Number of protein chains: 2
Amino acid sequence: MAYGNALAVLADPTRRTVFERLRAGPRPVNAIAAGLPVSRPAVSQHLKVLKEAGLVEERSEGVRRIYSLRREGLRELREWLDGFWDVALEAFRLEAEKSHMSGSGVDE
Amino acid sequence: MAYGNALAVLADPTRRTVFERLRAGPRPVNAIAAGLPVSRPAVSQHLKVLKEAGLVEERSEGVRRIYSLRREGLRELREWLDGFWDVALEAFRLEAEKSHMSGSGVDE
DNA sequence: CTCGTTGGTAAGTTATAGCTTACCGTTAGC
DNA sequence: GCTAACGGTAAGCTATAACTTACCAACGAG
């Protein structure tokens, strides 16, 4: 259920902004924090959370810490989301439902 | 930025469980709340939040309130996620980056 | 009409997530 | 060696999200 983790981590707007900034490429913390409405330590904390969730990775370059995106960390979330449109799976669910219920309609 | 809203709403595990239960089809509140580790009013509150986020819809059937999934409510979130894998868009971003920076690598 | 069922809302409590400031370790330059 | 930039961590504050119980309105059945 790692998708739940990714969901929780990306729910915060500030943290999501941090994450999105890395779409443009790897960046040191200073560059990520520049212009954000929160302090630099706050950004550090967000980066830590993102890293623990596997959504970013970090490498040292001298005194800099360069953070970059880990798309892999989004995979489970994406698959979970995709599942809501999966026709075959949906058909299966409807079938199972028919056995249990008196049968109503289905949404949409 | 409705995807941010969907993210925030689905971040809570209990609320996500409520949401996922509706995958199997429309349900009255009682059925949704059955077996959950929280009280029935808590489920009502979650349903309200889900409804306001456009993730579920509600219709009355006698004394019952039947809730059902609104996949449309997930669309923006899905598109946002898909964007992370969009090759063309990524190429554009890299191009833009080249103009601003001294040029480092790109992740992965 | 009365009573049971369904479920929404109000009020209050509590845990915690996100922020701040202060501080410290590390590396680079002079 | 000394000093300045980078950035991680600690401690503490505060707003709020999720929950509870209590209550009430709406409809159905007898």
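Begin by selecting the residues near DNA strand D: by class, this surface divides into nine nonpolar, seven polar and six charged residues. The model is a predicted one, and the tour moves from the two DNA strands into chain A.

**Stop 1: DNA strand D**

Keep strand D displayed together with its surroundings. Of the 22 residues around DNA strand D, the ones that come nearest are N30(A), R40(A), S44(A), S39(B) and H46(B). Colour the strand by component next: among its atoms within 4 Å of the protein, 58% belong to sugar or phosphate, and the rest to bases.

Three polar approaches to the phosphates may now be picked out. At N30(A), a backbone N or O atom lies 2.7 Å from a phosphate oxygen of DNA strand D. At Y67(A), a polar side-chain atom lies 3.2 Å from a phosphate oxygen of the strand. From chain B, the side chain of S39(B) places an N or O atom 2.6 Å from a phosphate oxygen of DNA strand D. The elements that give two or more residues to this surface are helix 3 (29–33), helix 4 and strand 3 (64–69) of chain A, together with helix 2 and helix 4 (40–52) of chain B. Select helix 4 of chain A in particular, for the largest share of the surface near DNA strand D, five residues, comes from that helix.

**Stop 2: DNA strand C**

Turn to the other strand in this tour. DNA strand C is surrounded by 23 residues, of which S39(A), H46(A), N30(B), R40(B) and S44(B) are the closest. Of its atoms within 4 Å of the protein, 63% belong to sugar or phosphate, with the rest in bases. The residues of the surface near DNA strand C comprise nine nonpolar, eight polar and six charged.

Select S39(A), where a polar side-chain atom lies 2.6 Å from a phosphate oxygen of DNA strand C. In chain B, a backbone N or O atom of N30(B) lies 2.8 Å from a phosphate oxygen of the strand, and a polar side-chain atom of S44(B) lies 2.5 Å from a phosphate oxygen of DNA strand C. Two or more residues of this surface are given by each of helix 2 and helix 4 of chain A and by each of helix 3 (29–33), helix 4 and strand 3 (64–69) of chain B. Helix 4 of chain B supplies the largest share of the surface near DNA strand C, five residues.

**Stop 3: H46(A)**

Remain with H46(A), one of the closest residues to DNA strand C. H46(A) sits in helix 4 (residues 40–52) of chain A. With a relative accessible area of 14%, H46(A) is buried. Display its side chain with that of R15(A): the two are joined by a polar contact of 3.5 Å. Leaving aside neighbours within four places in sequence, H46(A) is in contact with D12(A), T14(A) and R15(A).

**Stop 4: chain A as a whole**

Hide the DNA and show chain A as a cartoon. Six helices and three strands make up its elements, and along the sequence they follow the pattern α-α-β-α-α-β-β-α-α. Of the 108 residues in chain A, buried residues make up 42%. Among contacts between residues at least 6 apart in sequence, 49% join residues at least 24 apart.

**Stop 5: helix 1 against helix 2**

Select helix 1 (residues 2–11) and helix 2 (residues 13–21) of chain A, which pack at an angle of about 100 degrees with their axes 6 Å apart. Helix 1 of chain A is therefore roughly perpendicular to helix 2 of chain A. In this contact, A8(A), V9(A), L10(A) and A11(A) of helix 1 meet P13(A), R15(A), R16(A) and F19(A) of helix 2. The residues of the contact divide into six nonpolar, no polar and two charged.

**Stop 6: the surroundings of helix 1**

Helix 1 of chain A is largely enclosed by the rest of the structure, because seven of its 10 residues are buried. Those to highlight are Y3(A), G4(A), A6(A), L7(A), V9(A), L10(A) and A11(A). Show both chains here: the buried residues pack against helix 2, helix 4 and helix 5 (75–82) of chain A, together with helix 1 (2–11), helix 2 (13–21) and helix 5 (75–83) of chain B.

**Stop 7: A6(A)**

Finish within helix 1 of chain A, where A6(A) is found. A6(A) counts as buried, at 4% relative accessibility. Not counting residues up to four places away in sequence, A6(A) touches G73(A) and L77(A). Finally, select R78(A), 72 residues from A6(A) along the chain; the C-alpha atoms of the two are separated by 10.0 Å.

How values were computed: Residues are numbered from 1 along each chain as its sequence is written. Chains are lettered from A and ligands numbered from 1 in the order in which they are written. This is a predicted model: local features need pLDDT of at least 70, side-chain atom pairs count only at pLDDT 80 or more; totals for chains, interfaces and linings use all residues. Side-chain values use heavy atoms; hydrogens and water are left out. Axes are lines fitted to C-alpha atoms, for helices over the stretch in contact, and angles run from 0 to 180 degrees between N-to-C directions. Helices (H or I, at least four residues) and strands (E, at least two) are DSSP runs, numbered from the N terminus. Angles under 35 degrees count as roughly parallel, over 145 as roughly antiparallel, 65 to 115 as roughly perpendicular and the rest as oblique. Contact means heavy atoms within 4.5 Å. Ala, Val, Leu, Ile, Met, Phe, Trp, Tyr, Cys and Pro count as nonpolar, Asp, Glu, Lys and Arg as charged, and the others, Gly among them, as polar. Buried means under 20% relative accessible area, exposed over 50%, partly exposed in between (1.4 Å probe, protein chains only). A polar contact is a pair of N or O atoms within 3.5 Å; within protein, one must be able to donate a hydrogen and the other to accept it, and residues adjacent in sequence count only if both atoms are side-chain atoms. A residue is near a molecule or strand if one of its heavy atoms lies within 4 Å of it.
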